[in-house]
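Reader: I am new to reading models like this one. Please take me through it one question at a time.

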Amino acid sequence: MKKIGLSFFAVLLLISCAKNAKSTQDGDLNKKFDNYKNNFISALWKINPNWASEVGFHKYDSILIIPDAKANQQKIDFANSQLDSLKSYTIDQLSNNNKTDYYMIKNQLKGIIFNIKELKLFQWNPSEYNVCGSFAEILNGNYDSLETRLRAFNTKMNGIPAYYEVAKKNIQNPTLEHTELAIAQNLGGSSVFQDDLKNALQKSKLSDAEKKQILEKATVSVKAITDYAEWLKKLPNKTPRSFRLGSALYAKKFDLNIQSGYTADEIYQIAINHKKDLHEKMFVLADKLWEKYKGKAVKPADKLELIKQVIDEISLKHTTPEKFQSEIEKQIPELTAYVKAKDLLYIDPSKPLVVRKEPAYMAGVAGASISAPGPYDKNANTYYNVGSLSGWTKENAESFLREYNDYILQILNIHEAIPGHYTQLVYSNQSPSIIKSIFGNGAMVEGWAVYAEKMMLESGYKNSDEMWLMYYKWNLRTTCNTILDISVHTKEMSKEDAIKLLTKEAFQQQAEADGKWKRATLSQVQLCSYFTGYTEIYNLREELKKKEGDKFNLKKFHEKFLSFGSAPVKYIKELMLTEE
Ligand code: ZN
Ligand code: ZN
């Protein structure tokens with residue numbers, strides 16, 4: 001007995017020793033990886049000073065990188081050497097937070113190489129060249145004294161003429177769409193070197209000599225920017241590149257940006273089937289609601305036409321331009337109370353959402369958006385910006401309010417605020433990761449907000465046929481965004497067919513459809529993030545439900561899922577399934 005006991009203890013000790021040894025080793029490795037991440041970020045900012053300023057890191061504000069071949073090579077070298085460093089870490093031994101960070105860094109580095117060697121936006125997208133935004137950032141920011149910011153502004157201007165000379169050398173057969181965009185954005189943005197700068201100089205305590213020098217350089221800068229725009233206008237471009245990316249590049253960009261478990265082809269097929277399914281569900285509801293809204297009117301034979309007519313009637317129930325903001329403000333506490341009563345997930349009340357009128361510098365985008373504090377400004381408020389409708393023509397305001405009618409407005413608040421973007425943000429701040437706040441996965445973030453809409457309705461939120469019909473219409477938008485983007489870039493979809501898809505099959509207004517077409521010609525892949533992320537999250541939930549049976553708990557699922565931060569859903573899925 002004694003012997004057994006002894007050896008039993010010995011074995012136990014051995015096990016615990018081994019365990020200790022292993023966990024300190026893991027602890028060391030995680031510490032080492034944390035250090036690595038800090039070094040990686042420092043090096044990243046050094047070669048991307050503009051990006052650094054954008055996220056609130058201002059050490060390199062005075063540096064303007066000249067985008068020549070040497071700069072591209074520097075980025076490639078950076079990516080390769082960092083990819084090399086990553087090889088010394090065994091993923092299995094990293095914490096969950098570090099595992100996902102590891103994947104996201106690796107993906108980012110591959111993206112740098114892909115962008116330069118394969119995508120080559122620097123050759124065919126002239127709007128890649130624009131200094132105005134980063135200078136406006138320095139001028140409008142309040143992170144440092146005006147004088148310090150103006151001195152950074154001053155030094156940074158030195159590089160502008162060389163910057164645009166290199167731009168002209170880089171450009172080859174640009175697309176007509178991006179050329180037009182570059183002209184408009186550069187000419188529009190140049191105001192930062194004119195009145196905006198003059199106003200700032202007047203308020204500053206700089207010496208007259210310094211002010212004079214800055215103004216002289218500003219004149220040179222405006223000339224360089226204007227020359228670039230004029231050069232683009234006159235550029236002989238007999239064989240412009242098509243704005244369509246083509247299947248091969250698209251598939252790669254999709255994998256790198258979305259980081260999904262699905263390929264672009266797979267998600268396209270899922271979206272097509274989903275659209276069909278939505279149309280069927282919508283027809284059942286609209287047919288049921290017909291009499292209530294259309295009385296004895298004869299039903300159209302075309303199912304989509306019938307749905308459209310019912311939607312048009314329901315859309316007439318909407319708020320007024322004056323009450324648009326207060327209506328949103330009123331709904332936030334209602335949504336919070338509902339989520340709590342239904343036990344859908346915990347919402348930390350210590351960092352409440354502040355609803356505000358959209359600040360002037362953001363104006364132009366109607367509707368609502370969330371402004372979250374950046375990684376270097378963690379204690380700032382989270383704002384819910386609500387666009388004002390004052391100054392709109394009666395006609396435009398009416399059309400906007402019909403779109404954001406009493407039903408859709410609630411879905412919008414679910415998406416942007418509770419339990420959508422704002423709630424997700426509160427959770428991601430609890431597992432702080434500078435990597436995730438910088439490279440946060442768009443498909444996860446948007447996918448969560450789109451998932452939240454469906455989840456709220458499934459839980460019985462404001463349950464009615466009207467609510468569901470309007471929800472399906474809203475969901476058709478993200479579904480058709482995906483179909484549109486993939487069709488435009490890989491299937492030669494014509495403008496005519498695109499507009500038909502959006503207006504006839506997704507019930508959008510002409511203006512909205514026109515805007516979406518333009519967006520699809522100027523961007524690639526991003527429009528797929530909403531539907532792809534949503535599909536992955538929803539399917540993960542259903543998979544876990546099936547696996548866990550009676551033990552499945554919706555609240556636990558939500559909280560666990562969000563605890564991983566803004567990581568790609570496929571990695572969260574992997575971690576959640578292995579922890580099972
Ligand atoms: Zn009206
Ligand atoms: Zn969103």
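Reader: Does threonine 219 count as buried or exposed?
Author: Threonine 219 is found in helix α11 (residues 208–234); helices (H or I, at least four residues) and strands (E, at least two) are DSSP runs, numbered from the N terminus. Buried means under 20% relative accessible area, exposed over 50%, and partly exposed in between, with a 1.4 Å probe and protein chains only. Because its relative accessibility is 56%, threonine 219 counts as exposed.

Reader: From which number are residues numbered along each chain?
Author: This is a predicted model in which local features need pLDDT (the predictor's confidence in each residue, from 0 to 100) of at least 70 and side-chain atom pairs count only at 80 or more, while totals for chains, interfaces and linings use all residues. Side-chain values use heavy atoms, leaving out hydrogens and water, chains are lettered from A and ligands numbered from 1 in the order in which they are written, and residues follow each chain as its sequence is written, starting from 1.

Reader: Which helix gives the most residues to the largest nonpolar core?
Author: A nonpolar core is a set of buried Ala, Val, Leu, Ile, Met, Phe, Trp, Tyr and Cys residues joined through side-chain atoms within 4.5 Å. The largest one here has 173 residues, and Phe193, Tyr384, Leu469 and Phe561 have the most contacts inside it. With 13 residues, the helix that gives the most is α21 (residues 465–490).

Reader: How far apart in space are threonine 219 and phenylalanine 193?
Author: Phenylalanine 193 touches several residues (contact means heavy atoms within 4.5 Å), among them Cys132, Ala218 and Ser221, not counting residues up to four places away in sequence. Threonine 219 is 26 residues from phenylalanine 193 in sequence, and their C-alpha to C-alpha distance is 7.7 Å.

Reader: How many disulfides does a search of the whole structure find?
Author: A disulfide is a pair of cysteine sulfur atoms within 2.5 Å. Cysteine 480, which is buried with a relative accessible area of 0%, cannot form such a bond because the closest cysteine sulfur, in cysteine 528, is 12 Å away and too far. For the whole structure, the number found is zero.

Reader: Which residues are the protein donors of the zinc ion (ligand 1)?
Author: Donors are N, O and S atoms within 2.8 Å of the metal (3.2 Å for Na, K and Ca), and water is not among the atoms, so sites may look incomplete. For this ion, the donor atoms lie 2.1 to 2.6 Å away and belong to His318 (NE2) and Glu398 (OE, listed twice). Histidine 318 lies in the loop between α14 (303–314) and α15 (324–341) and glutamate 398 in helix α16 (residues 394–403), so parts 80 residues apart in sequence are tied together by histidine 318 and glutamate 398.

Reader: What is the geometry at the site of the zinc ion (ligand 2)?
Author: His415 (NE2), His421 (NE2) and Glu446 (OE, listed twice) coordinate this ion at 2.0 to 2.7 Å, and both histidines are buried. Four donors count as tetrahedral if all angles lie between 85 and 135 degrees; four count as square planar and six as octahedral if opposite donors are over 155 degrees apart and all others between 65 and 115; anything else is irregular. Because the angles among the four donor atoms run from 52 to 153°, the site is irregular.

Reader: Which residue is joined to isoleucine 418 by a cis peptide bond?
Author: Most peptide bonds are trans. Here a cis bond, with omega about 0°, follows isoleucine 418. Its partner lies in the loop between α17 (406–416) and α18, and is proline 419.

Reader: Is glutamine 259 buried or exposed?
Author: Glutamine 259 is found in the loop between α12 (247–258) and α13 (264–294), and has a positive phi of about 50° although it is not a glycine. Most residues other than glycine have a negative phi. With a relative accessible area of 6%, glutamine 259 is buried.

Reader: Over which residues is the pLDDT below 50?
Author: The chain averages a pLDDT of 92, and 94% of the residues score at least 70. One stretch is below 50 and, beyond near neighbours in sequence, has zero contacts in the model. Where pLDDT is low, the predicted coordinates should not be read in detail. That stretch is residues 1–21.
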